[in-house]
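Subject: Handover of a structure and its findings

Dear colleague,

Please find the structure below, together with its sequence. I would be grateful if you would keep it open while you read the notes that come after it.

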Amino acid sequence: MILRFALLALPLLLAACNDAPAPTPAPSGAASLAAKPTAPAAPPQTSPAQRPDPARCPALTRDDENGLLERKAPLPVPPALAGVVAADMNQFAVTTLGGAQGCIDVRWMEQTGPLALSTDERFLTFAWQGYEAFGFVVFDRSGKGQEVDTGTQPAWSPSRARFAAVDLGEAAFGALNGFGVWDVQPAGIKELSIQADGLPMGEWRITGWRGEQCVALTRQGYEGPRENWFASAAQGWKLQAGSCPKA
């Protein structure tokens, strides 16, 4: 009986299995990946600025056939500026604010004064001396880098948008040997005026700026009292005897 019952029940069980809903197929690989949440993209990585390297400067030859150069080692660079300036016998390599590099020819410089950065780190400045020569370098680290030699330490306008320098001597050992005014551009320095001829000799000094439009100076000649001079934007920055006009 048991065997007969089992044989009778088997067709019913098979029919029930055929009527059951088919299982849901597993998603394909593409559908499975699309269903997963997408991870946010990593932010772009900026490469760090290259350290200064004089080997990447244009090659210069230190020609001293007259034996005038005494320096036997590169000019010193303060450890605090090692990431901005590097030196060999011929050049200073200076990184720009954008991570490029500018180069300063120092072959004829025997000594340099303190290398310094401006508060905003845009300008590298230093005085230098050589054989019967001297100067003062202002290196603008904006853009591709730009070097200006003002002869002596310049005087900056109140907003630091301009600077002026005077360097006049009979021996003409100074790098400027005149009077100059420069304008600080968003990127780079623009020369506004350079006067090198026709100026009376004497001990010249810049006493300061009167606003942004006039530079006050004094001159001590060989005789007589110290004289007042000025140079204004309204007069094309030409040196003139007298005082800055009142605003």
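The notes below cover the disulfides, then a sheet, and then a group of aromatic rings.

Please bear in mind throughout that this is a predicted model.

Disulfides

A disulfide is a covalent bond between the sulfur atoms of two cysteines. A search of the whole structure finds two of them. When the bonded cysteines are numbered in sequence order, the pairing reads 1-2, 3-4.

One disulfide links Cys 57 with Cys 103, at an S to S distance of 2.0 Å. Cys 57 belongs to the loop between helix 2 (29–35) and strand 1 (85–87), while Cys 103 belongs to strand 3 (residues 101–105), so this bond ties together parts that are 46 residues apart in sequence. The torsion about the S-S bond of Cys 57 and Cys 103 is about -90°, and the disulfide is therefore left-handed. Are these two cysteines buried or exposed? Cys 57 has a relative accessible area of 8% and is buried, because buried means under 20%. Cys 103, at 25% relative accessibility, counts as partly exposed.

The other disulfide joins Cys 214 to Cys 244, again with an S to S distance of 2.0 Å. Cys 214 is in strand 14 (residues 214–220) and Cys 244 is in the segment after strand 16 (240–241), so the pair ties together parts that are 30 residues apart in sequence. With a torsion of about -90° about the S-S bond of Cys 214 and Cys 244, this disulfide is left-handed. Both Cys 214 and Cys 244 are buried.

The sheet

Four strands form an open sheet in the order 9-10-11-12, and their pairing is antiparallel. Its edge strands, strand 9 (155–156) and strand 12 (189–195), each pair on one side only. Strand 10 (residues 162–167) and strand 11 (residues 178–184) run antiparallel and are joined by six bridges. Phe 163 has Trp 182 in strand 11 as its bridge partner.

Aromatic rings

Across the whole structure, a search finds six aromatic pairs. In one of them, the ring centres of Trp 156 and Phe 163 are 4.7 Å apart and the planes lie at 40°, so the pair is tilted. Trp 156 and Phe 163 are both buried. Which residues do ring pairs link into a cluster? They are Phe 123, Trp 156, Phe 163 and Trp 182. In addition, Arg 160 lies over the face of Trp 156, at 4.1 Å from the ring centre.

Yours sincerely,
A colleague

How values were computed
Residues are numbered from 1 along each chain as its sequence is written. This is a predicted model: local features need pLDDT of at least 70, side-chain atom pairs count only at pLDDT 80 or more; totals for chains, interfaces and linings use all residues. Side-chain values use heavy atoms; hydrogens and water are left out. Two strands pair if DSSP finds at least two bridges between them. Helices (H or I, at least four residues) and strands (E, at least two) are DSSP runs, numbered from the N terminus. A disulfide is a pair of cysteine sulfur atoms within 2.5 Å. Buried means under 20% relative accessible area, exposed over 50%, partly exposed in between (1.4 Å probe, protein chains only). Rings of Phe, Tyr and Trp (its six-membered ring) pair if their centres lie within 6.5 Å; planes under 30 degrees apart count as stacked, over 60 as edge-to-face and the rest as tilted. A charge sits over a ring if NZ of Lys or CZ of Arg is within 6 Å of the ring centre and within 35 degrees of the ring normal.
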